[in-house]
Amino acid sequence: MQTKLTQLLNITYPIIQAPMFLVSNTAMVIEAMKGGIAGCIPALNYRTLDDLRAAIKELKADKVEGGSFGFNLIVNKSNVKYKEQLRVLCEEGCDFIITSLGSPEETIRQAHAAGIKVFCDVTDLHFAKKVEGLGADAAIAVNNEAGGHRGELSPQELTSQLSKALSIPVISAGGVGCKEDIDKMLSYGAEGVSVGSPFIASIEAGVTQEYKQACVDYGADDIVMTQRISGTPCTVINTPYVQKIGTKETWLESVLNKNKKLKKWVKMIRFSIGMNATTIAATQATYKTVWVAGPSIEHTKEILPVKDIIRNLTH
């Protein structure tokens, strides 16, 4: 399974264990590297810069040949920690950074100066061309089967479109739960895949047993879009609590979002409230469950070690 992604990151299989808020941790990424793939953690999973530094040092100490590790940065204004997190990543070093939800220009400039590759989340050709022009090393094509914040286009349409138009590698994100899905994405022109939801139900994942079991018990038909977490449409498991609170923004948020001066602040408040709710759901057993996941949990039949999930994806 040698592709441009395996060459870029010196990995055995063209797979990135996708960064997932509160789910991803160093234990998962260490097992990912041992399994011959790349692992990525959201920098926002660490409350302090010292915690982030400690995680980088742990991953560097446990890095093995055939594996690779990186971090995800939310690069828009709602993330006030972004610039300091970028500084720490460049000081300590990692193999790659994945940027989301904003312009990657500053990240690309600083990361490249530190010898770090930058992959950028995109949902259409317009933004893909932009990040290519800024010097991104690869574009992550977030399609309409991705978990969390997803795109509008199908895996085939988006991946095919980008792979034909870009000179940089395209990594398909969304809709991968088994080896057959990976083969399909590569046939569309992808040089690799980003896989998240199947790893939620891993023994190493840092979330509750209830969250993991939900990924086993629910399937693709149970995934719905909600605006109640970050203000940006996001996929979650349609639990009784999600059904109760609904998936649309409130009347007040709708009115305030139409005010150009207030829109940014409303989004920042919603982001903060939503992240707190997601934190509680991921780390505590509660009836107020908001579990982020994508339709690829359809293939999740039991809670397994990361190494077994990788084996299922590659054999």
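Start with the whole chain as a surface: about 14,000 Å² is exposed, and carbon and sulfur atoms supply 51% of that. Keep in mind that this is a predicted model. Of the 315 residues, 54% count as buried. The secondary structure comes to 13 helices and 10 strands. Among contacts with a separation of 6 or more, 62% join residues 24 or more positions apart.

Next, colour by pLDDT. The chain average is 88, and 85% of the residues score at least 70. Now select 281-288: pLDDT stays under 50 there, and the model has 17 contacts for this stretch beyond four places in sequence.

**The barrel**

Switch to cartoon and pick out the strands. You'll find a closed barrel of 8 strands in the order 1-2-3-4-5-6-7-8, paired in parallel. On average, neighbouring strands of this sheet are turned by 25° against each other, ignoring direction. Where does strand 1 meet strand 8? Select 15-17 and 192-195: the two run parallel and are joined by 3 bridges. Zoom in on Ile16, and you'll see Ser194 of strand 8 opposite. Then bring up helix 5, which packs on the sheet and touches strand 3, strand 4 and strand 5 (117-122). The direction of helix 5 makes about 160° with that of strand 5.

**A buried glycine**

Go to Gly67, in the loop between helix 3 (49-61) and strand 3 (68-74). Is Gly67 buried or exposed? Its relative accessibility is 3%, so Gly67 counts as buried. To see what is around Gly67, show Leu9, Asn10, Ile11, Met33 and Ile37, which Gly67 touches once residues up to four places away in sequence are set aside. Lys34 is worth adding to the view: Gly67 and Lys34 are 33 residues apart in sequence, yet their C-alpha atoms are 6.3 Å apart.

**Salt bridges one turn apart**

Stay with Lys34 and show side chains. Lys34 forms a salt bridge with Glu31, at 3.4 Å from N to O. The two are 3 residues apart in helix 2 (residues 26-34), about one helical turn. An α-helix has 3.6 residues a turn, so residues three or four places apart point the same way. Lys34 is exposed at 54% relative accessibility, while Glu31 is buried at 18%.

Jump to helix 5 (105-113) for another pair. Glu106 and Arg109 make a salt bridge at 2.5 Å, N to O, and they too sit 3 residues apart, about one helical turn. Glu106 is partly exposed at 31%, and Arg109 is exposed at 53%.

Now select helix 6 (residues 125-134), which holds Glu132. Here Lys129 bridges to Glu132, with the closest N and O atoms 3.7 Å apart. Lys129 is partly exposed at 40%, whereas Glu132 is buried at 18%. Beyond its neighbours within four places in sequence, Glu132 is in contact with Leu166, Ser167 and Ile168.

**Last stop: helix 4**

Select residues 82-92. The buried residues of helix 4 are Tyr82, Gln85, Leu86, Val88, Leu89, Cys90 and Glu92. What covers them? The cover includes helix 3, strand 3, strand 4 (96-100) and helix 5. Just after helix 4 comes Gly93, with a positive phi near 90°.

To finish, search the whole structure for salt bridges and you should get 11.

Key:
Residues numbered from 1 in each chain as written. Predicted model: local features only at pLDDT ≥ 70, side-chain atom pairs only at ≥ 80, totals over all residues. Heavy atoms only, no water. Helix = DSSP H or I, 4+ residues; strand = E, 2+ residues; numbered from the N terminus. Buried < 20%, exposed > 50% of the residue type's maximum accessible area, 1.4 Å probe, protein only. Contact = heavy atoms within 4.5 Å. Pairing = 2+ DSSP bridges. Axes fitted to C-alpha atoms, helices over the stretch in contact; angles between N-to-C directions. pLDDT = per-residue confidence, 0-100. Areas by Shrake-Rupley, 256 points an atom, 1.4 Å probe, with all protein chains shown as cover. Salt bridge = Lys/Arg side-chain N within 4 Å of Asp/Glu carboxyl O.
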